[in-house]
Amino acid sequence: MSEMLTEKAARGPSPRARSGPRGRVIIFGMWCKGCRLCVEFCPTGVLAFVEGQEQPSVVHPEKCTACHWCDTHCPDLAISVQHID
Ligand code: SF4
Ligand code: SF4
């Protein structure tokens, strides 16, 4: 039992336990030209380019704070963030 507690403590708090606003990111593939601005502006590393892909992927959705840095900087309105709580 104590071993299980120790393992859980070592992993740290679960991402879902994070307080504060959360967002759901949607990328509109038809409009995205792959300029990378959203990836560069995201302060929490939600977005990244997966090797071989020409558009960003949402690689860490649990880290989105709904700050809107990505969608306010996209020149093509190709990314949108919805507040989910
Ligand atoms: S900023 Fe917009 S166009 Fe550029 S990669 Fe991100 S979603 Fe695509
Ligand atoms: S809303 Fe903020 S945290 Fe969420 S993906 Fe966009 S830049 Fe990153």
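The following is a short dialogue about a predicted model of a protein with two ligands.

Trainee: What makes His-68 partly exposed?
Mentor: His-68 has 14 other C-beta atoms within 10 Å. A residue is buried at 20 or more and exposed at 12 or fewer, so a count in between makes it partly exposed.

Trainee: Where does His-68 lie?
Mentor: His-68 sits in the loop that links β3 (57-58) to α3 (69-73).

Trainee: What is the phi of His-68?
Mentor: The phi of His-68 is positive, about 70°, although the residue is not a glycine. Most residues other than glycine have a negative phi.

Trainee: Which loop holds Leu-77, and what is its phi?
Mentor: Leu-77 is in the loop between α3 and β4 (79-83). Leu-77 is not a glycine either, and its phi is positive at about 55°.

Trainee: Why is Leu-77 called exposed?
Mentor: Within 10 Å of Leu-77 there are 10 other C-beta atoms. The limit for exposed is 12 or fewer, so Leu-77 meets it.

Trainee: How do you know whether Asp-85 is buried or exposed?
Mentor: By the count again: Asp-85 has 8 C-beta neighbours inside 10 Å. With exposed set at 12 or fewer, Asp-85 is therefore exposed.

Trainee: Where is Asp-85, and what separates its C-alpha atom from that of Gly-20?
Mentor: Asp-85 belongs to the segment after β4. The C-alpha atoms of Asp-85 and Gly-20 are separated by 8.3 Å, while the two residues are 65 apart along the chain.

Trainee: What makes a residue part of the shell around ligand 1?
Mentor: Its C-beta atom has to lie within 6 Å of the ligand. For ligand 1 the shell has 14 residues, and the closest are Cys-32, Cys-35, Leu-37, Cys-38 and Cys-74.

Trainee: How do the residues around ligand 1 divide by class?
Mentor: There are 9 nonpolar, 2 polar and 3 charged residues in that shell. Cys counts as nonpolar, so the cysteines named for ligand 1 fall in the nonpolar class.

Trainee: Which residues are closest to ligand 2, and how many surround it?
Mentor: The shell around ligand 2 has 15 residues, with Cys-42, Val-46, Cys-64, Cys-67 and Cys-70 the closest. By class they are 11 nonpolar and 4 polar, with no charged residue. Both β1 (23-27) and α3 supply at least two residues of this shell.

Trainee: How many helices and strands does the protein have, and in what order do they run?
Mentor: There are 3 helices and 4 strands, running α-β-α-β-β-α-β from the N terminus.

Definitions and conventions: Residues are numbered from 1 along each chain as its sequence is written. Chains are lettered from A and ligands numbered from 1 in the order in which they are written. This is a predicted model: local features need pLDDT of at least 70, side-chain atom pairs count only at pLDDT 80 or more; totals for chains, interfaces and linings use all residues.
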